[in-house]
Amino acid sequence: MDLRSQIDCRIVLADDPGWDDARRPWNLAFDQRPAAVALIGSVDDVVEVVELARARGLRIAPQGTGHGACSLPSLDDTILLRTSRLRGVEIDAEARRARVGAGAVWRDVVEPAAERGFVVLHGTSPDVGVVGYTLGGGLGWLARSHGLAANSVTAVELVTAAGTLVRADRENEPDLFWAVRGGGGNFGIVTAIELELFDTPDLYAGAMFWPVDRAREVLRAWSEWVARVPVEVTSIGRILHFPPIPEVPEPLRGGSFAIVEAVFAGPESVGVELLAPLRALAPSMDSFAAVPATALPHLHRDPPEPIPAVGDGLCLERLPVDAIDAIVDTAVPPLVGLEIRQLGGALAAPSASHGAVGALEAGFALYTAGLAPTPELRAAVGEAVDRVLEALAPYESRRAYLNFCERPIDAGRLYPPEAYARLRVIRAEHDPGELFVTNHPIR
């Protein structure tokens with residue numbers, strides 16, 4: 001296959017020296033083997049790759065960081081289109097908008113926005129790609145007061161299966177604009193998105209740690225606490241087993257903890273009062289303080305470098321005592337961690353202005369994972385994940401959340417029935433031959 005002579009952008013093939021680096025996703029447990037990798041440097045490059053793929057009978061899988069690669073199908077007949085070079089970010093303070101290139105990660109946006117006095121609805125990791133996170137919904141630290149990140153998108157620029165660059169917003173291509181906000185990469189290759197900027201509130205945030213043998217007590221108290229807090233509080237209850245590796249700070253290395261992380265969008269004095277019931281449990285570590293907006297992406301302590309891992313998640317309608325007991329009993333090694341994110345507030349308030357995933361009706365979202373550097377550990381961690389999901393099946397929501405589904409799932413479970421039917425019609429209109437390969441595809 002001589003693709004390089006037919007296209008201007010850099011094409012990497014299996015016999016090239018840079019092949020392994022070009023095809024490697026963030027999650028190193030998954031081995032992507034596409035027909036070729038296209039390293040995109042411009043919108044014109046994207047158009048060329050679309051035209052080439054159509055001419056050669058190939059498909060295209062757009063990818064920024066590769067955080068969602070674990071649920072992709074086989075890429076044998078597919079060009080992996082890496083957008084990581086498209087990292088430009090423009091902050092328009094007057095319009096309160098950020099224009100973000102498809103390859104940007106959250107730290108590329110959070111820091112320049114903060115310099116101008118704004119926050120964006122970013123995720124809990126600075127290294128997650130903005131586009132993939134946002135178009136899958138986007139569940140971040142300001143979610144209960146501001147909703148899903150997908151609802152903050154004001155425009156999307158994408159190349160369609162016909163090789164046409166389209167700007168979709170509320171006035172231009174409104175159906176496509178609705179579909180991509182929650183429908184992921186099913187409808188085209190996004191080259192840039194525009195996001196709404198919000199005034200930076202006072203922020204009181206941090207984490208409390210207890211020995212893991214108090215996990216049952218702590219998570220029960222946390223579940224009672226979140227039922228009373230205002231929507232300005234977004235929090236996560238966790239069980240975390242830190243691996244004994246040098247990258248983990250000494251006080252945490254090799255230790256197991258029950259953890260509560262939270263962000264309160266309000267003054268420190270009120271935050272101190274809100275956290276008092278959890279402080280009454282006498283945590284062994286407490287990092288809560290007034291913080292700048294740039295601190296929030298680092299609060300969750302996600303790994304700063306690519307790792308091999310296996311994980312999956314689900315949404316819970318409720319979190320009764322029996323569910324907490326099941327979590328504590330199953331969130332054990334070889335799992336590294338399990339987290340439960342409180343939903344509700346603005347997350348549960350649908351609007352006609354929202355996209356395909358405008359709200360999450362469940363009470364909580366859960367995710368669990370473990371390190372899997374070998375085939376044996378990959379199997380063991382997968383079985384441990386299964387045990388968690390099976391134990392919590394009685395409390396599972398009918399709907400699932402795309403960004404927490406790391407195994408293939410019927411896309412119909414990600415949307416309300418009427419929204420899924422509309423998404424299928426829009427996919428048929430804009431990509432009838434299913435040129436684009438994505439996780440959890442809309443057929």
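Which residue in β14 does Pro-211 stand opposite? The residue facing Pro-211 is Phe-257. That pairing is a handy way into this structure, which is a predicted model. Let us look at the whole chain before returning to β14.

## The chain as a whole

The protein chain contains 11 helices and 19 strands. Its radius of gyration is 21 Å, while the globule rule gives 22 Å for 443 residues; these values are close, so the chain is as compact as a globular protein of that length. If you follow the C-alpha trace along its principal axes, it spans about 65 × 50 × 40 Å.

Of the 443 residues, 58% count as buried. Among contacts with a separation of 6 or more, 73% are between residues 24 or more positions apart. On the outside, the chain exposes about 17,400 Å², and carbon and sulfur atoms supply 52% of that area. There are 40 positive and 59 negative charges, and the mean positions of the two groups are 2 Å apart.

## Strand β14 and its two partners

Back to our opening strand. Strand β14 covers residues 256–265, and 9 of its 10 residues are buried. It pairs with β12 (residues 203–211) through 9 bridges, and the two run antiparallel. The pair named at the start, Pro-211 and Phe-257, belongs here, with Phe-257 lying in β14.

Strand β13 (residues 233–241) is also joined to β14 by 9 bridges, again in the antiparallel sense. Here you can find His-241 opposite Ser-256 of β14.

## Strand β2, covered on both faces

Another strand worth a visit is β2, made of residues 36–39. Ala-36 and Ala-38 are on one side, Val-37 and Leu-39 are on the other, and all are buried, so both faces of the strand are covered.

β2 has partners of two kinds. With β1 (residues 10–12) it runs antiparallel, joined by 3 bridges, and Ile-11 has Ala-38 as its bridge partner. With β4 (residues 78–82) the pairing is parallel and extends over 4 bridges. In that pairing, Val-37 stands opposite Leu-80.

## Thr-191 and helix α3

Is Thr-191 buried or exposed? Its relative accessible area is 5%, so Thr-191 is buried, given that buried means under 20%. This residue is found in strand β10 (residues 189–196). Leaving aside neighbours within four places in sequence, its contacts include Val-43, Leu-86, Gly-101, Glu-157 and Leu-165.

Strand β10 also helps to cover helix α3: the elements over the buried residues of α3 include β5, β6, β7, α4 and β10. The helix covers residues 106–115, and its buried residues are Trp-106, Asp-108, Val-109, Val-110 and Ala-113. Just after the helix comes Gly-117, with a positive phi of about 90°.

## An exposed residue, Asp-21

For a contrast, turn to helix α1 (residues 19–23), where Asp-21 lies. Its relative accessibility is 57%, so Asp-21 counts as exposed, the cut-off being over 50%.

How far apart in space are Asp-21 and Ala-290? From C-alpha to C-alpha they are 40 Å apart, and they are separated by 269 residues in sequence.

Technical notes: Residues numbered from 1 in each chain as written. Predicted model: local features only at pLDDT ≥ 70, side-chain atom pairs only at ≥ 80, totals over all residues. Heavy atoms only, no water. Rg over C-alpha atoms; globule rule 2.2 N^0.38 Å. Buried < 20%, exposed > 50% of the residue type's maximum accessible area, 1.4 Å probe, protein only. Contact = heavy atoms within 4.5 Å. Areas by Shrake-Rupley, 256 points an atom, 1.4 Å probe, with all protein chains shown as cover. Lys, Arg positive; Asp, Glu negative; His and termini not counted. Charge placed at Lys NZ, Arg CZ, Asp CG, Glu CD. Pairing = 2+ DSSP bridges.
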